[in-house]
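These are my notebook entries on a structure I looked up today. I wanted to follow one residue outward into its surroundings.

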Amino acid sequence: MFKKEINSAPKSKLKSSVQRSLRQSLLTTYPLLNPYIDEILPKKGSLEAMKLPDRCTLYVLESQPLFFQHDTSTLLPHLRLVHRFPAAFPSIRIDRGAIRFVLSGATLMAPGLTSAGGRLPTGVYTVGDEEGKEGLDEDERWTRELEKGEPVVIRAEGKTEACAVGFLVVGTKEVKEKGKGPVVEDAHYLGDGLWRLTTD
């Protein structure tokens, strides 16, 4: 999505009503952000929007990129936000062999997740479940199965920081069953145009 260099564009301040609706949308999509939302989007903060190519909008607070969206789709966190609050976003882990492909903007394929170094969700937690909680378990597997179209953070074997974020084109349960095919396309990854964009 952001393979090419992106030129910095003028930012426009958002009305407080728009900020409130974005805040609510963020909490609906990422409920685990609840404890950090006042730090991410302070009520008195002045959130700005920056128009990017391909009908994309980047939301910035005090020169810090927070999240972006394509057209009116679901908000995706910028990797800088993911690095600040890694436990707040559903994630999958790729093996070492898939890292260079993901960091060159290639589609993430199932074998990078189903091999020994990859980690797919366990599915032990379901939404509304009273016992247990959603998050990473001790084996670094997300505890809830992720559905097709859901936003997901891509972590890498042997690395502490997430390397990409995108939407699943297939549910994680199906990835385990089939073991082949594309899983995440058009991700925002470390070193891409969005990562290098200056927002000052």
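Entry one. I am working with a predicted model, and I began by listing the contacts of Phe-67, leaving out residues up to four places away in sequence. I found that Phe-67 touches Leu-22, Leu-26, Leu-41, Leu-47, Thr-57, Leu-58, Tyr-59, Leu-75, Leu-76, Pro-77 and His-78.

Entry two. Next I asked which residues touch the most other members of the largest nonpolar core. In this core of 37 residues, I noted that they are Leu-47, Leu-52, Phe-67 and Phe-89. I then looked up the elements that give two or more residues to this core, and I wrote down α1, α2 (37-40), β2, β3, β4, α3 (79-84) and α7 (193-196). Of these, β3 gives the most, with five residues. I also recorded that another core, of 23 residues, lies apart from this one, and that Ala-110, Val-170, Ala-187 and Tyr-189 are among its residues.

Entry three. I turned to the strands, keeping in mind that strands of a sheet pair through backbone hydrogen bonds, either parallel or antiparallel. Here I found an open sheet of five strands in the order β1-β2-β3-β4-β5, and its pairing is antiparallel. At the edges I noted β1 (11-13) and β5 (76-77), each of which pairs on one side only. Strand β4, residues 64-70, pairs with β5 over two bridges in the antiparallel sense, and Phe-67 stands opposite Pro-77 in β5.

Entry four. Finally I checked what packs on the sheet, and I found helix α1, residues 16-29, touching β2 (47-52), β3 (56-61) and β4. The direction of α1 makes about 80° with that of β4.

Definitions and conventions
Residues are numbered from 1 along each chain as its sequence is written. This is a predicted model: local features need pLDDT of at least 70, side-chain atom pairs count only at pLDDT 80 or more; totals for chains, interfaces and linings use all residues. Side-chain values use heavy atoms; hydrogens and water are left out. Two strands pair if DSSP finds at least two bridges between them. Contact means heavy atoms within 4.5 Å. Axes are lines fitted to C-alpha atoms, for helices over the stretch in contact, and angles run from 0 to 180 degrees between N-to-C directions. A nonpolar core is a set of buried Ala, Val, Leu, Ile, Met, Phe, Trp, Tyr and Cys residues joined through side-chain atoms within 4.5 Å. Buried means under 20% relative accessible area, exposed over 50%, partly exposed in between (1.4 Å probe, protein chains only).
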